[in-house]
Amino acid sequence: MRYLSALAATVFAIAIWQGIVSVAGLPKFILPGPAVVAETWWQSRWLIATHTWTTAIEVLIGLACGTALGVITALQLASSRAARVLVQPMLVFTQALPVFALAPLLTLWLGYGLWSKVAMAVLIIYFPITSSFFDGLMRTPPGYLDLARTMQVSKRSILWHIRIPAALPSLASGMRLAAVYAPIGAVIGEWVGSSQGLGYLMLLANGRAKTDLMFAAMLTLGVFSILLHMAVRRATARMAGEVR
Amino acid sequence: MTPAPDLSISGTATINGATLFAPLTLTLGAGAWTCLLGGSGVGKTTVLRLIAGLETGAEFLGQITASDGRSVPDRVAYMAQDDLLLPWATVAQNVSLGARLRGETVNQERRDHLIERMRLQDHMTKKPAELSGGQRQRVALARTLMEDRPIVLLDEPFSALDARTRADMQDLAAEALQGRTVLLVTHDPGEAARLGHSIIVMTQQGLTLCDPPKAPAPRHVDDLETLETQGALLRLLREEVA
């Protein structure tokens, strides 16, 4: 049923797209129709695949590093009052800054290659991961903590055996959010300075008025993000308590 | 397990300067069930949590002592209305929770014996979500027994169960917790009348000691004196509200 509705929505969107192109009679370099984009995509499939590979590597490394950093930060925040006082306001403040503005700086610091994009992805997903996991850690059902206290259990053991498992569903929702954000981070990094990746390809195509290629790259990024989100969703199903 | 001691609580509790309960003295007989009966908000759960050494949000002035002079909070087992089973752990893991959390070796023989005694042997590897309310509360009781503490604190453990399951659980708990000093906090006069070796009604005015029925606990649900006591307790509760 879900697949059917996704298919119907896709067909509907393509129909509207084609409708706009036909009715307005727009030239190819302003808005190419779905058929043109599909053809360009097929002709440039190897080019697109190479650049998708680059972006995918950036995103996956970014996801892994960002998740690890976020989990460690959340654990620190949850187990130390000092950390909460010192770090939490800082964390919120960094979210108030437009991370995009840092992209040129990251390129300056980390160079033109992979790591400035990974850093960008990490920066974008760090906060959702940290804050969702931290919220979960701070919202352990109080009854569990009462029970553990009457059992004379150490704080460390309570954290490890009760608070962390109870917070895993929250971490799962943070990771699902991160799977959607991470590609955006990587692509922003590529826009600012790179010679590979879907972001670079989009910018390149745009500059040469190859709007059809731009669309093909953009849609590929969209499909990649959806697949990534689905994969992370499935991978975190057990954590979220959706399957036993 | 050390022999079950007498417990005595005396003192007063306030929340932000407002009196929660006036000075009172409550004694729990060694190896017996004391039922603390009262409506919502009179502080009966606070009394129980104070004995357990749990956070209450109230300021308590007074003392809690055991007749053998040893400390109380590290000798209690606690069971609440919510079964507090960890949803990600199996029945067997939940029953042995205390030992697992303290990093001790689990006495598997004892655990399996208790699970069998609670008629849960077919559910050992199931998760709590696969069990009925009554089964879950039996797991919680097994977990409580696994701790093997001389003092057992029960905070309305049966009130979320249907009438039949509740009566079954009352019988099972009365039998299983024999010889321990038990405090049962409840709002159900029938439960107090069935289970209490001593019955205390707690109201805003203080504590009233009531005579339990003469039959040995757990009393039959249709025992006439028990039903009479139930009625008398309910009348007492209603009078206090008026």
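**View 1. A glycine pair across two strands of chain B.** In this predicted model, B:Gly11 has B:Gly62 of β4(B) as its bridge partner. Zoom out a little to see the strands around the bridges: β1 of chain B covers residues 7-15 and runs antiparallel to β4(B). Eight bridges join β1(B) and β4(B).

**View 2. The open sheet of chain B.** Now for the sheet itself: three strands, in the order β2-β1-β4 of chain B, make up an open sheet with antiparallel pairing. Which strands sit at the edges? They are β2 (18-28) and β4 (59-66) of chain B, each of which pairs on one side only. From one strand to the next, the twist averages 5 degrees.

**View 3. A helix lying across the strands.** Here we meet helix α1 of chain B, made of residues 44-52. Helix α1(B) lies across β1, β2 and β4 of chain B. Relative to β1(B), helix α1(B) runs at about 120 degrees.

**View 4. Chain B as a whole.** Stepping back, we can count eight helices and nine strands in chain B. The radius of gyration of chain B is 18 Å, close to the 18 Å expected from the globule rule for 242 residues, so chain B is as compact as a globular protein of that length. The C-alpha trace of chain B spans about 50 × 40 × 30 Å along its principal axes. Of the 242 residues in chain B, 43% are buried. Take the contacts in chain B with a separation of 6 or more: 71% of them are between residues 24 or more positions apart.

**View 5. Where chain B touches chain A.** Both chains come into this view, with 17 residues from chain B and 15 residues from chain A taking part in the contact. On the chain B side, the elements giving two or more residues are β5 (76-79) and α3 (97-102) of chain B. What does that side of chain B hold by class? The side of chain B that touches chain A has 10 nonpolar, two polar and five charged residues.

**View 6. An arginine on a chain A helix.** Our last stop is A:Arg156, found in helix α8 of chain A, which covers residues 155-192. Is A:Arg156 buried or exposed? A:Arg156 counts as exposed because it has 10 C-beta neighbours inside 10 Å, and the cut-off for exposed is 12 or fewer. For a sense of distance, look across to A:Pro142: A:Arg156 and A:Pro142 are 14 residues apart in sequence and 16 Å apart in space, C-alpha to C-alpha.

Definitions and conventions
Residues numbered from 1 in each chain as written. Chains lettered and ligands numbered in written order. Predicted model: local features only at pLDDT ≥ 70, side-chain atom pairs only at ≥ 80, totals over all residues. Contact = placed C-beta atoms within 7 Å. Helix = DSSP H or I, 4+ residues; strand = E, 2+ residues; numbered from the N terminus. Nonpolar A, V, L, I, M, F, W, Y, C, P; charged D, E, K, R; others polar. Rg over C-alpha atoms; globule rule 2.2 N^0.38 Å. Buried ≥ 20, exposed ≤ 12 C-beta atoms within 10 Å, placed from the backbone. Pairing = 2+ DSSP bridges. Axes fitted to C-alpha atoms, helices over the stretch in contact; angles between N-to-C directions.
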